[in-house]
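This report describes one protein chain, going from a single loop residue to the packing of a helix pair and then to the chain as a whole.

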Amino acid sequence: MKDFVADEPIELVYFPTGSPDLNPTEEYWRRLKLALANRYFGSCAVIRSAVWTALESIHPPGIYQYLCL
């Protein structure tokens, strides 16, 4: 990645290690867990369907909110 951005007007921003609150992926997982929490799934087919439905309704957090705290 460093080689790629070396000739581009891009600044790499690194998240601090051990800071899941600054990781957009962690927020996405948190939202998925909330969508599926406290429910009973009687079969793998039911949970699979619920996961896909939840994923369609969850919008990934914008990266801007993590870079401009």
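Does I10 count as buried, partly exposed or exposed? The model is predicted, and in it I10 has a relative accessibility of 46%. The limits for partly exposed are 20% and 50%, so I10 counts as partly exposed. I10 lies in the loop between α1 (2–5) and α2. Leaving aside residues up to four places away in sequence, I10 touches F4 and V5.

A second loop residue is N38, found between α2 and α3. Its relative accessibility is 84%, and N38 therefore counts as exposed. The backbone of N38 has a phi near 55°, a positive value in a residue other than glycine. Most residues other than glycine have a negative phi.

The table sets out the relative accessibility of these two loop residues.

| Residue | Loop | Relative accessibility | Class |
|---|---|---|---|
| I10 | between α1 and α2 | 46% | partly exposed |
| N38 | between α2 and α3 | 84% | exposed |

The loop that holds N38 joins two helices in sequence, α2 and α3. Two packed helices are described by the angle between their axes and the distance between the axes. Helix α2 covers residues 24–36 and helix α3 covers residues 44–57. Their axes come within 10 Å and cross at roughly 125°. That angle makes α2 oblique to α3. The crossing in which α2 passes α3 is right-handed.

Which residues form this contact? On the α2 side they are Y28, L32, A35 and L36. These meet A50, V51, A54 and L55 in α3. By class, the residues of the contact of α2 with α3 divide into 8 nonpolar, no polar and no charged.

For the chain as a whole, the secondary structure comes to 4 helices and 0 strands. Read along the sequence, the pattern is α-α-α-α. The chain has 69 residues, and buried residues make up 19% of them. The chain exposes about 5,900 Å², of which carbon and sulfur atoms supply 59%.

How are the contacts spread along the sequence? Among contacts between residues at least 6 apart in sequence, 55% join residues at least 24 apart.

Technical notes: Residues numbered from 1 in each chain as written. Predicted model: local features only at pLDDT ≥ 70, side-chain atom pairs only at ≥ 80, totals over all residues. Heavy atoms only, no water. Axes fitted to C-alpha atoms, helices over the stretch in contact; angles between N-to-C directions. Parallel < 35°, antiparallel > 145°, perpendicular 65-115°, else oblique. Left-handed = near helix turned anticlockwise from the far one by under 90°. Contact = heavy atoms within 4.5 Å. Nonpolar A, V, L, I, M, F, W, Y, C, P; charged D, E, K, R; others polar. Buried < 20%, exposed > 50% of the residue type's maximum accessible area, 1.4 Å probe, protein only. Areas by Shrake-Rupley, 256 points an atom, 1.4 Å probe, with all protein chains shown as cover.
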